[in-house]
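Hi,

Here is the structure I promised to pass on. My notes follow below it.

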Amino acid sequence: MIRVLSDMPSGVVGFEAIDDVEEEDYRSVLIPALEAAIAEDGKVRLVYVLGPEFDEYEGDAVWEDLKLGARHPWSFERIAVVTDARWAVPAIKILSVLFPGQARAFPLAERETAARWAATGDMPRPTGEEVR
């Protein structure tokens with residue numbers, strides 16, 4: 001399941017992955033919200049939280065993710081992925097090829113810093129690992 005995060009700064013779209021993420025989650029939640037942000041601002045600043053309740057992506061959900069990046073490759077300005085999963089940083093590096101903007105991984109404890117970075121691009125202290 002993907003849920004929209006309502007506590008994001010202005011101009012930032014936030015999501016949290018909970019349990020299994022399936023294709024329908026992309027079609028009904030993530031894609032409409034991102035396309036609305038692109039239509040409104042032309043760019044997307046995104047916070048994506050993979051919290052402790054996140055389990056896995058279903059194969060079709062990964063495909064939807066790749067298709068979204070292919071449809072809007074220049075629209076992603078900043079992507080902050082917030083998770084304690086060790087695989088996230090290498091995965092972001094690989095997937096960042098699809099997203100010419102900046103991408104950065106943040107630990108769960110720095111969710112607010114991630115949201116601030118997504119909104120402004122400023123890093124108040126040396127945290128997170130920049131991918132691009």
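How much area does the protein expose, and what share of it do carbon and sulfur atoms supply? About 6,900 Å², with 52% of it from carbon and sulfur (Shrake-Rupley, 1.4 Å probe; for residues, only the protein chains shown count as cover).

Before the rest, some housekeeping: this is a predicted model, where local features need pLDDT of at least 70 and side-chain atom pairs count only at pLDDT 80 or more, while totals for chains, interfaces and linings use all residues. Residues are numbered from 1 along each chain as its sequence is written, and side-chain values use heavy atoms, leaving out hydrogens and water.

The protein has 4 helices and 6 strands, in the order β-β-α-β-α-β-α-β-α-β from the N terminus. These are DSSP runs (helices H or I, at least four residues; strands E, at least two), numbered from the N terminus.

Of the 132 residues, 43% are buried (under 20% relative accessible area, 1.4 Å probe, protein chains only). Strand β4 (residues 76-83) is largely enclosed by the rest of the structure, because 7 of its 8 residues are buried. β4 pairs in the parallel sense with β5 (residues 102-106) over 5 bridges, pairing being at least two DSSP bridges between strands; Ile79 has Ala103 in β5 as its bridge partner.

The largest nonpolar core (buried Ala, Val, Leu, Ile, Met, Phe, Trp, Tyr and Cys joined through side-chain atoms within 4.5 Å) has 23 residues, and Phe15, Leu34 and Tyr48 have the most contacts inside it. α1 (23-41) gives the most to this core, 6 residues. Another core lies apart from it, with 12 residues, among them Leu5 and Val49.

Cheers

Notes: Buried < 20%, exposed > 50% of the residue type's maximum accessible area, 1.4 Å probe, protein only.
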